[in-house]
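I opened the model to look up its helices, cores, surface and charged pairs. My notes follow.

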Amino acid sequence: MIVGEIRRYLRDNSTIRVSRSMKDIAYRSLKLREADPEKYASNEAIAKALEVDEKDVTNALKAIAEPSSLYECIYSEGGDSILLMDRIKDEKNTEEMWIEEICLLQAIKNLNDKERNIINLRYYKGRTQIEVATLVGISQAQVSRIEKSAIDRLRRQMCV
């Protein structure tokens with residue numbers, strides 16, 4: 001009974017919320033693997049024994065794994081250490097993206113104040129043309145024309 005309460009506590013109070021059924025599959029998988037490591041070395045063998053899909057076993061075991069800190073040291077030699085975050089590739093912030101962002105910021109600086117304000121309100125603040133028109137005190141048609149002109153200038157400057 002005590003062991004059951006401890007398992008229930010650990011299952012229900014982990015850092016990341018995982019469904020109870022997923023945790024049950026994971027703990028039953030670990031129990032099988034612990035009982036006979038050779039027979040249940042693969043997730044496929046565990047899935048057959050538990051009569052569940054192999055993908056469910058894989059996902060369940062991943063779900064209960066302790067999260068790793070990005071600042072966890074994975075290698076250290078002579079005072080130099082490599083953190084986990086040093087080994088993770090950033091697909092979003094490539095060198096080309098940085099260069100484009102710098103070029104865009106420079107091109108935006110070349111716009112006049114009204115154009116810069118309209119671009120800021122429309123694309124950085126997410127306002128509609130009607131909202132921008134009300135804030136700036138001009139018509140929606142004027143906002144549309146100024147925005148189109150500013151975007152054309154930005155495109156020309158970005159391609160240079």
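I took helices (H or I, at least four residues) and strands (E, at least two) as DSSP runs, numbered from the N terminus. The model is predicted, so local features need pLDDT of at least 70 and side-chain atom pairs count only at pLDDT 80 or more, while totals for chains, interfaces and linings use all residues. Residues are numbered from 1 along each chain as its sequence is written, and side-chain values use heavy atoms, with hydrogens and water left out.

**Entry 1: salt bridges**

I counted a salt bridge where a side-chain nitrogen of Lys or Arg lies within 4 Å of a carboxyl oxygen of Asp or Glu. The structure holds six. For burial I used relative accessible area: buried is under 20%, exposed is over 50%, and partly exposed is in between (1.4 Å probe, protein chains only).

I looked at Asp-152 and Lys-148 in helix α8. Their closest N and O atoms are 3.6 Å apart. The two are four residues apart in α8, so about one helical turn separates them. An α-helix has 3.6 residues a turn, so residues three or four places apart point the same way. Asp-152 is partly exposed at 28%, and Lys-148 is exposed at 55%. Salt bridges with shared partners join Lys-148, Asp-152 and Arg-155 into one network.

Next came Arg-116 and Asp-113, whose side chains meet at 3.0 Å, N to O. They sit three residues apart in helix α6 (residues 113-124), about one helical turn. Arg-116 is partly exposed at 30%; Asp-113 is exposed at 59%.

Which residue forms a salt bridge with Glu-115? I found Arg-153, with the closest N and O atoms 2.6 Å apart. This pair links distant parts of the chain: Glu-115 is in α6, Arg-153 is in α8 (residues 140-158), and their positions lie 38 residues apart in sequence count. Glu-115 is buried at 7%, whereas Arg-153 is partly exposed at 23%.

**Entry 2: cores**

I defined a nonpolar core as a set of buried Ala, Val, Leu, Ile, Met, Phe, Trp, Tyr and Cys residues joined through side-chain atoms within 4.5 Å. The largest has ten residues, among them Ile-25, Leu-32, Tyr-40, Leu-50 and Leu-61. Helices α2 (20-35), α3 (43-50) and α4 (54-64) each supply at least two of its residues. A second, separate core has seven residues, including Ile-118, Leu-121, Ile-138 and Ile-146.

I then checked contacts (heavy atoms within 4.5 Å). Leaving aside neighbours within four places in sequence, Leu-50 is in contact with Ile-25, Arg-28, Ser-29 and Leu-32. The buried residues of α2 are Lys-23, Ile-25, Ala-26, Ser-29 and Leu-32.

**Entry 3: helix α7**

I looked up two residues of α7 (residues 129-136), starting with Gln-129. Gln-129 is buried at 18%. Not counting residues up to four places away in sequence, Gln-129 touches Arg-122, Gln-140, Val-143, Ser-144 and Glu-147. Ala-133 is also in α7. Ala-133 is buried at 7%. With the same sequence neighbours left out, up to four places away, Ala-133 touches Ile-138, Ser-139, Gln-140 and Val-143.
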